[in-house]
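Please open the model in a viewer and keep the selection tool at hand. The tour below proceeds from one selection to the next and states what is found at each stop.

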Amino acid sequence: MIITITGNPGSGKSTLAKILAQKLNAERIYVGGMFREMAREKGMNLEEFNLYARSHSQVDVDADMRSAMKARKLEKEGKIVLAEGRMQFHLLPESIKIYVHVDSKEGARRIWNDLQATREGMERNQKKFKSYEEALRGTLERNITDAKRYKKLYGVDITNLKLYDFVVDTTLMTADNAAAKVLEFVRQKDKSPRAKKSL
């Protein structure tokens with residue numbers, strides 16, 4: 001079984017993926033990890049590689065494809081796989097497709113708080129906002145630019161929630177509650193004996 005997870009900035013999709021991976025004893029793959037791997041291969045740090053990727057759109061496609069291929073390989077080995085990334089639901093159409101949504105203002109608040117708290121958060125969000133208002137503007141801009149980029153690369157509108165099997169809104173919900181809702185849906189969606197045993 002493969003579960004794909006995506007969502008808008010600040011929705012908590014990575015936190016949710018980590019909780020689900022633990023509860024399902026699943027392998028977690030995320031496109032951000034592929035970017036780090038590809039950066040090492042080119043002898044770049046992550047910041048340098050992200051700048052390089054902006055002018056080389058094939059980098060996004062390569063990272064997406066690597067992630068999808070790894071997910072399929074692990075599933076063939078009998079593992080439950082959680083694949084996190086914007087286009088994994090499209091590249092792995094056989095997956096259970098989860099979208100994690102958050103209100104833009106709440107998402108920006110979380111990102112701002114994360115940036116204030118950790119260096120990891122600063123690296124992950126790739127921008128150093130000077131205020132919550134900047135974080136909100138940046139989040140809204142990122143939603144637009146990501147949608148345009150993936151529409152151009154794949155011809156897919158990632159904002160069309162009808163493309164996903166299950167949408168969970170985390171605006172007023174803890175990560176644990178969101179995970180419980182997703183697990184309940186996965187139980188209903190996947191009827192394989194292996195999944196039942198793990199769940």
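Begin with the largest nonpolar core of this predicted model. Select Phe-35, Ala-71, Met-87, Tyr-154 and Ile-158: among the 28 residues of this core, these touch the most other members. Next, colour helix 2 (31-41), helix 3 (46-54), helix 4 (58-76), strand 3 (81-84), helix 5 (88-91) and helix 8 (132-154), the elements that each give two or more residues to the core. Helix 4 gives the most, with 6 residues.

Now centre the view on Phe-35. Which residues does Phe-35 touch, not counting those up to four places away in sequence? They are Leu-46, Phe-49, Asn-50, Ala-53, Val-59, Asp-60 and Ala-63. Apart from the largest core lies another, of 22 residues; to locate this second core, select Ala-17, Ile-19, Ala-26 and Leu-183, which are among its members.

Leu-183 leads to the next stop, helix 9. Select residues 175-189: helix 9 has 15 residues and reaches 21 Å from its first C-alpha to its last, close to the 21 Å expected at 1.5 Å a residue. Within helix 9, highlight Ala-178, Ala-179, Val-182, Leu-183, Phe-185 and Val-186, which are buried. Because these residues cover an arc of only 165° around the axis, they lie on the same side of helix 9. Then display strand 1 (2-7), helix 1 (13-24), strand 4 and strand 5, which are included in what covers the buried residues of helix 9.

Move next to Ser-95, in the loop between helix 5 and strand 4 (96-101). Is Ser-95 buried or exposed? Ser-95 counts as buried because its relative accessibility is 3%, under the 20% cut-off. Show the side chains here: that of Ser-95 makes a polar contact with that of Thr-4, at 3.0 Å. Leaving aside neighbours within four places in sequence, Ser-95 is in contact with Ile-2, Thr-4, Phe-89 and Asp-165.

A second loop position to select is Asn-160, between helix 8 and strand 5 (166-169). Asn-160 counts as partly exposed, at 29% relative accessibility. Draw a distance from its C-alpha to that of Ala-147: the two residues are 13 apart in sequence and 9.9 Å apart in space.

The remaining stops concern charged side chains. The count for the model comes to 15 salt bridges. Select Glu-41 and Arg-66, whose side chains meet in a salt bridge at 2.8 Å, N to O. This pair links distant parts of the chain, with Glu-41 in helix 2 and Arg-66 in helix 4, 25 residues apart. Glu-41 is exposed, with a relative accessible area of 53%, whereas Arg-66 counts as partly exposed at 25%.

Then select Glu-77 together with Lys-73 and Lys-79. The side chains of Glu-77 and Lys-73 meet in a salt bridge at 2.9 Å, N to O. Glu-77 also forms a salt bridge with Lys-79, the closest N and O atoms being 3.7 Å apart. In relative accessibility, Lys-73 counts as exposed at 51%, while Glu-77 is partly exposed at 43% and Lys-79 is partly exposed at 32%.

Which residues are linked in a network of salt bridges? For this last stop, select Asp-60, Arg-86, Arg-142, Asp-146 and Arg-149, which form such a network. Asp-60 also appeared earlier in the tour, as one of the residues that Phe-35 touches.

How values were computed
Residues numbered from 1 in each chain as written. Predicted model: local features only at pLDDT ≥ 70, side-chain atom pairs only at ≥ 80, totals over all residues. Heavy atoms only, no water. Core = buried A, V, L, I, M, F, W, Y, C linked by side-chain atoms within 4.5 Å. Buried < 20%, exposed > 50% of the residue type's maximum accessible area, 1.4 Å probe, protein only. Helix = DSSP H or I, 4+ residues; strand = E, 2+ residues; numbered from the N terminus. Contact = heavy atoms within 4.5 Å. Polar contact = N/O pair within 3.5 Å; in protein donor to acceptor, adjacent residues only side chain to side chain. Expected span 1.5 Å × (residues − 1). Arc of directions from axis to C-beta. Salt bridge = Lys/Arg side-chain N within 4 Å of Asp/Glu carboxyl O.
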